[in-house]
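Visitor: I would like a close look at a single part of this model, namely how its helices pack against each other. Please take me through it slowly, with the cut-offs behind your terms.

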Amino acid sequence: MVLIEQEPDDVNEQSQSSPSTGAAVPGADSSDEEPFEDALNEEQLLEKARNQVNDAKIEGNRLFGSGQYDDALSKYELALQLASEVPDSEEIRSMCHANRAICFLKLQKYDDTIKECTKALELNPSYVKALLRRAEAHEKLDHLEEAIADMKKIMELDPSNDQARRTIQRLEPILAEKREKMKEEMIGKLKEMGNSVLGRFGMSVDNFKAVKDPNTGSYSISFQR
């Protein structure tokens with residue numbers, strides 16, 4: 001099983017300072033001050049929106065830490081709604097999606113985990129934690145090829161990542177065994193179908209021998225009485 005850090009992601013809190021306004025110049029035309037005041041108000045509104053986004057996310061982290069995963073999901077969703085109106089908010093939006101993913105992972109809702117991780121990665125394709133969480137969800141659903149693909153992507157981003165390397169080494173033999181089993185089951189079904197047809201002519205699939213080419217892995221069929 002893939003092991004990940006079971007903590008929501010966060011950003012460093014930055015100290016907030018209110019912009020200062022300059023004193024009015026005696027005798028200056030008030031119309032000259034209006035564009036400056038409008039710009040100042042707009043910046044204040046953006047700063048307020050950023051604070052609201054961060055506050056909602058921090059509250060989501062607190063709820064996650066106390067095991068209230070459904071409530072944490074709601075707070076992260078609120079942060080995402082607020083962030084949609086804030087310019088250059090891709091980083092915090094990707095983190096909120098990744099944090100929703102880990103909540104769904106805790107709730108064993110693995111399909112939702114995958115969806116949220118994918119949204120996080122659309123905003124930040126090199127988000128390693130999102131790849132790790134999506135890989136774990138894929139493995140839980142027995143999507144071994146997808147889990148390995150995510151781990152290989154991590155190795156591309158960080159060749160020294162031991163967790164990804166170990167997971168690939170563990171999952172690849174399991175996937176190979178699974179494929180072999182599926183192939184045997186398919187061959188068994190094909191033999192049943194073949195015998196139902198060949199039986200009308202006094203033959204069976206046992207009259208045909210498949211020989212595997214060790215170099216190419218392909219098969220050749222020969223007939224024998």
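**A close look at helix packing**

Guide: Happy to, and a good place to begin is Cys103, which counts as buried at 0% relative accessibility (buried means under 20% relative accessible area, exposed over 50% and partly exposed in between, with a 1.4 Å probe and protein chains only). This is a predicted model, in which local features need pLDDT of at least 70 and side-chain atom pairs count only at pLDDT 80 or more, while totals for chains, interfaces and linings use all residues. Residues are numbered from 1 along each chain as its sequence is written, and side-chain values use heavy atoms, with hydrogens and water left out.

A little context first. The protein has seven helices and two strands (DSSP runs numbered from the N terminus, with helices being H or I of at least four residues and strands E of at least two). Read from the N terminus, the order is α-α-α-α-α-α-α-β-β. Of its 225 residues, 32% are buried. Of the contacts between residues at least 6 apart in sequence, 53% link residues at least 24 apart (contact means heavy atoms within 4.5 Å).

Now to the first pair. Helix α2, residues 69–83, packs with helix α3, residues 90–106, at an angle of about 160 degrees, and their axes are 9 Å apart. Axes here are lines fitted to C-alpha atoms, for helices over the stretch in contact, with angles from 0 to 180 degrees between N-to-C directions. The two helices are therefore roughly antiparallel to each other (over 145 degrees; under 35 is roughly parallel, 65 to 115 roughly perpendicular and the rest oblique). The crossing of α2 past α3 is left-handed, meaning that the near helix is turned anticlockwise from the far one by less than a right angle, with clockwise giving right-handed. From α2, the residues in this contact include Tyr69, Leu73, Tyr76 and Leu80, while α3 contributes, among others, Ile92, Cys96, Cys103 and Phe104. By class, eleven of the residues in this contact are nonpolar, two polar and four charged (Ala, Val, Leu, Ile, Met, Phe, Trp, Tyr, Cys and Pro count as nonpolar, Asp, Glu, Lys and Arg as charged, and the others, Gly among them, as polar).

Stay with α3 for a moment. Cys96 is buried too, at 1% relative accessible area. A search of the whole structure nevertheless finds zero disulfides, a disulfide being a pair of cysteine sulfur atoms within 2.5 Å. Ser94 also sits in α3 and is buried at 1% relative accessibility. Its C-alpha atom is 9.0 Å from that of Leu80, 14 residues away along the chain. Beyond neighbours within four places in sequence, Ser94 touches Ala120, Leu123, Asn124 and Tyr127.

The loop between α2 and α3 holds Asp88. Asp88 is exposed, with 75% relative accessible area, and its phi is near 55 degrees, a positive value in a residue other than glycine.

Next come α4 and α5. Helix α4, residues 110–123, packs with α5 at about 155 degrees, with the axes 9 Å apart. These helices are therefore roughly antiparallel as well, and their crossing is left-handed. Among the residues making the contact are Tyr110, Ile114 and Cys117 of α4, and Leu131, Arg134 and His138 of α5. The classes divide into eight nonpolar, three polar and three charged residues.

Helix α5, residues 128–140, also packs with helix α6, residues 144–157, at an angle of about 160 degrees and with axes 7 Å apart. This pair, too, is therefore roughly antiparallel, with a left-handed crossing. Residues such as Val128, Leu131 and Ala135 in α5 meet partners in α6 that include Ala147, Met151 and Ile154. This contact has nine nonpolar, one polar and five charged residues.

Ala147, in helix α6, is worth a pause. Ala147 is buried at 1% relative accessibility and, leaving aside neighbours within four places in sequence, is in contact with Ala135, His138, Glu139 and Leu171. From Ala147 to Leu132, 15 residues apart in sequence, the C-alpha to C-alpha distance is 8.7 Å.

Finally, Asp142 lies in the loop between α5 and α6. Asp142 has a phi near 65 degrees, again a positive value in a residue other than glycine, and is partly exposed at 42% relative accessible area.
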